[in-house]
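Visitor: Please choose one part of this model and take me through it slowly, explaining each term as you use it.

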Amino acid sequence: MEQLASRLQSYLTPAEIYEVQRAYQFGVKAHEGQLRLTGDPYIGHPLAVAIILADMKMDVPSVIASLLHDVVEDTDIPVSVIASEFGEEVGMLVDGVTKLTQVHFETKEDAQAANYRKMLMAISGDIRVVMVKLADRLHNMRTVQYLPREKRRRIARETLEIYAPIANRLGMHKFRLELEDLGFATLYPMRYRVLDEAVRKARGNRDNFLEKIDALTRDGLKDEGIEFRLVAREKHLYSLYKKMVTNRLPFSMVYDVYALRLIVKSVDLCYRTLGIVHNMFKPIPGKFKDYIAVPKANGYQSLHTSLMSPFGVPVEVQIRTEEMDQVANDGIASHWLYKSGEGSTQGARAHQRVRDWLNELLDLQTLAGDSSEFLENVKVDLFPDEVYVYSPKGDIMELPAGSTVVDFAYAVHSDVGNHCAAARVDRQLAPLSTPLNNGSTVEIITTEAAAPNPRWLNFVVTSKARTSIRHYLKSLDSENARLLGKRMLERELQNHGSDLESLSPQAMPNLLKDLQMDSVDILLESIGLGQQLAPIIAKNLTGISVVPTSREREKKGARQGLLHTFSKVTPNWLLGDQDAASSSRTPLVIRGTEGVVVSYARCCRPIPGDQIRGFLSTGKGVVVHVFSCPNTRSFKKNPDRWLDLSWDPTDGLNFPVDIRIEVVNQKGILAVMATAIADMGSNIDNVSIDNLDGHNSVTNITLDVRDRVHLARIIKKLRNIRGVNRITRKRG
Ligand code: MN
């Protein structure tokens with residue numbers, strides 16, 4: 001803790017350091033009795049992680065969160081306790097790190113690794129979560145040798161494929177290099193040893209050479225009175241290894257490059273130093289790059305040049321200031337440098353600061369005119385518009401933010417979408433409308449009988465799901481219309497003592513020709529949709545000559561078809577008392593499964609058991625009304641558009657119905673009524689309340705019932721509630 005405190009003293013106030021110490025004590029207590037595999041007390045690990053972050057001068061919430069980052073995962077203490085002890089911000093950071101720890105990674109091909117990286121970023125929510133996690137991983141890799149072999153290899157692979165590239169993304173090169181070398185040493189210990197040996201041997205010559213260069217440079221710069229720090233750049237082993245593998249080069253070819261870095265006090269001195277070294281050694285043409293005037297897209301600044309040394313060997317030289325060196329090493333972390341006077345709210349603006357950083361880079365890039373994909377990638381990673389979820393096989397699927405279970409199902413395959421019945425999200429059954437969260441595992445349960453529902457259109461967000469559902473519903477509509485049309489026509493033919501099979505052979509072809517229709521299915525569909533009237537079609541088919549010949553129709557130029565021709569001719573059997581009509585004719589049976597071609601009037605909300613009749617609405621099919629509904633008044637005016645109907649509901653269907661309940665106002669009465677309705681196996685779709693006066697009010701409820709008997713039982717139960725005065729069903 002003293003090591004940590006001494007680092008914090010360089011940039012935090014005593015009060016802030018006290019908070020960190022309090023978090024340390026909390027961590028010590030929480031992890032009491034737990035040991036690392038090294039045999040040391042567990043707290044040593046979070047402390048080491050905090051020191052890594054303090055070295056980068058990360059803000060107070062990040063340092064505290066790093067001290068507590070394993071508490072939720074490894075003890076009984078929940079995030080809520082941490083949040084109440086150390087504030088919401090720390091709680092949020094610890095929660096983020098815990099979630100990252102729980103993400104399960106399986107090595108897959110590159111594309112999956114890339115998706116996985118994006119998923120980690122998306123889960124983190126706050127970039128500081130990623131930094132705590134990277135520091136955590138760095139310390140775990142430093143002590144990886146204590147783990148059993150298999151676990152060691154898995155963590156090393158994950159480090160190379162996931163965490164080192166993320167560090168690279170964020171410009172944290174010091175992190176990246178160390179993570180890569182540790183990962184390399186763990187995963188390929190033999191290759192690492194051989195390469196290390198080779199570097200050691202070569203270094204003898206190299207150090208000798210660099211010393212000479214160093215001495216020469218030092219003399220040259222001292223003469224000019226320039227203070228500087230010289231760093232001999234060691235190519236790290238993993239990048240040497242990768243270079244050898246990808247370019248199929250021997251060690252001597254990749255290693256034989258000498259590189260050094262000169263760090264000076266100001267930008268001005270960078271250019272003066274460049275002039276001096278160019279004077280001392282011959283620069284190699286075409287190798288000079290000025291990344292100070294034109295920074296790289298990730299903000300990197302430096303002067304690069306290559307010189308021919310007096311020993312005939314080229315030397316790469318980088319010249320930069322301390323500040324530029326820090327940005328080059330720590331990347332995004334260097335933007336968390338504590339600024340005194342900002343107070344304790346500074347951490348809350350962390351996200352904003354990342355945006356500012358990105359905007360700065362954007363400006364730089366516009367100036368530089370360089371369309372590096374770096375920026376775009378970082379931006380997408382930090383502020384994703386996507387959500388990343390697992391399939392049951394462990395593949396990662398990328399969907400737009402806000403996507404639901406149904407979107408996922410259609411993304412898998414349109415057949416899966418069309419037959420999805422239920423879903424498990426993280427092994428829990430979840431409604432199809434559930435929005436997906438990053439890192440969830442989604443499993444779709446399909447059944448042959450399941451089919452898209454129009455209501456899905458209210459919550460899907462992907463165009464694939466939307467298009468597929470619409471397409472299905474459209475084909476379903478025409479299929480339903482055809483089936484209904486067939487039943488309507490068969491019923492009418494029955495009234496004429498005929499049926500579709502026993503028609504005279506030319507009847508149907510002639511009629512189709514007259515109507516300019518290509519098939520019987522089209523005719524049946526148009527009957528179902530109310531565009532053609534079944535009684536008239538039936539009459540025509542059974543040989544009663546009421547249709548003008550094609551020639552006559554052509555003369556008149558009438559293209560409207562039968563309906564137009566007969567709008568003024570009302571057949572006798574449709575006139576008069578409708579009771580007489582219905583008793584003499586077979587009513588059309590309504591099962592409730594006809595789909596959109598049969599709809600239920602909202603004015604009277606018919607339910608099974610009610611006497612009903614239907615209005616044939618052009619293009620919409622049959623609209624069912626209760627017999628006594630005032631809206632059936634137009635029946636007399638338009639009898640050829642009205643149908644006799646009877647119920648034969650399919651089991652398990654529910655129909656909405658409106659009831660009006662007059663109650664005496666008292667606390668909780670609505671809850672009592674709702675419970676009674678639920679107890680009776682019904683659902684409430686809608687509730688509205690009109691206050692009549694201070695004492696009485698009217699509650700309007702729309703609820704689902706099976707039929708009239710079911711409704712009667714519910715009403716009886718409601719009547720028994722104290723305070724309920726009068727219940728009526730609303731009809732029209
Ligand atoms: Mn840890």
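Guide: Let us start at His45, which is buried, with a relative accessible area of 1%; buried means under 20%, exposed over 50% and partly exposed in between, for a 1.4 Å probe and protein chains only. The model is predicted, so local features need pLDDT of at least 70 and side-chain atom pairs count only at pLDDT 80 or more, while totals for chains, interfaces and linings use all residues. Residues are numbered from 1 along each chain as its sequence is written, and side-chain values use heavy atoms, with hydrogens and water left out.

His45 is one of the residues that coordinate the manganese ion: it does so through NE2, as does His69, while Asp70 and Asp136 each contribute an OD atom, at 2.2 to 2.4 Å. Donors here are N, O and S atoms within 2.8 Å of the metal (3.2 Å for Na, K and Ca), and sites may look incomplete because water is not among the atoms. Along the sequence, the spacing of these donor residues is H-x23-H-D-x65-D. Since His45 belongs to helix H3 (residues 44-55) and Asp136 to helix H9 (residues 127-142), the pair ties together parts that are 91 residues apart in sequence. Helices (H or I, at least four residues) and strands (E, at least two) are DSSP runs, numbered from the N terminus. Asp136, like His45, counts as buried, at 3% relative accessibility.

From H9 we can follow the chain into the largest nonpolar core, which has 85 residues, and in which Leu4, Leu68, Leu134 and Met172 touch the most other members. Such a core is a set of buried Ala, Val, Leu, Ile, Met, Phe, Trp, Tyr and Cys residues joined through side-chain atoms within 4.5 Å. H9, the helix that holds Asp136, gives this core its largest share, nine residues.

Met172 shows what surrounds one core member: leaving aside residues up to four places away in sequence, its contacts include Met56, Met131, Leu134, Ala167 and Ile332, where contact means heavy atoms within 4.5 Å. The list for Met172 also has Asn329, Asp330, Gly331 and Ala333. Apart from this core lies another, of 54 residues, among them Ile536, Ile590, Val622 and Leu718.

To return to the metal site, then, the manganese ion is held by His45, His69, Asp70 and Asp136, and the helix of Asp136 is also the one that supplies nine residues to the largest core.
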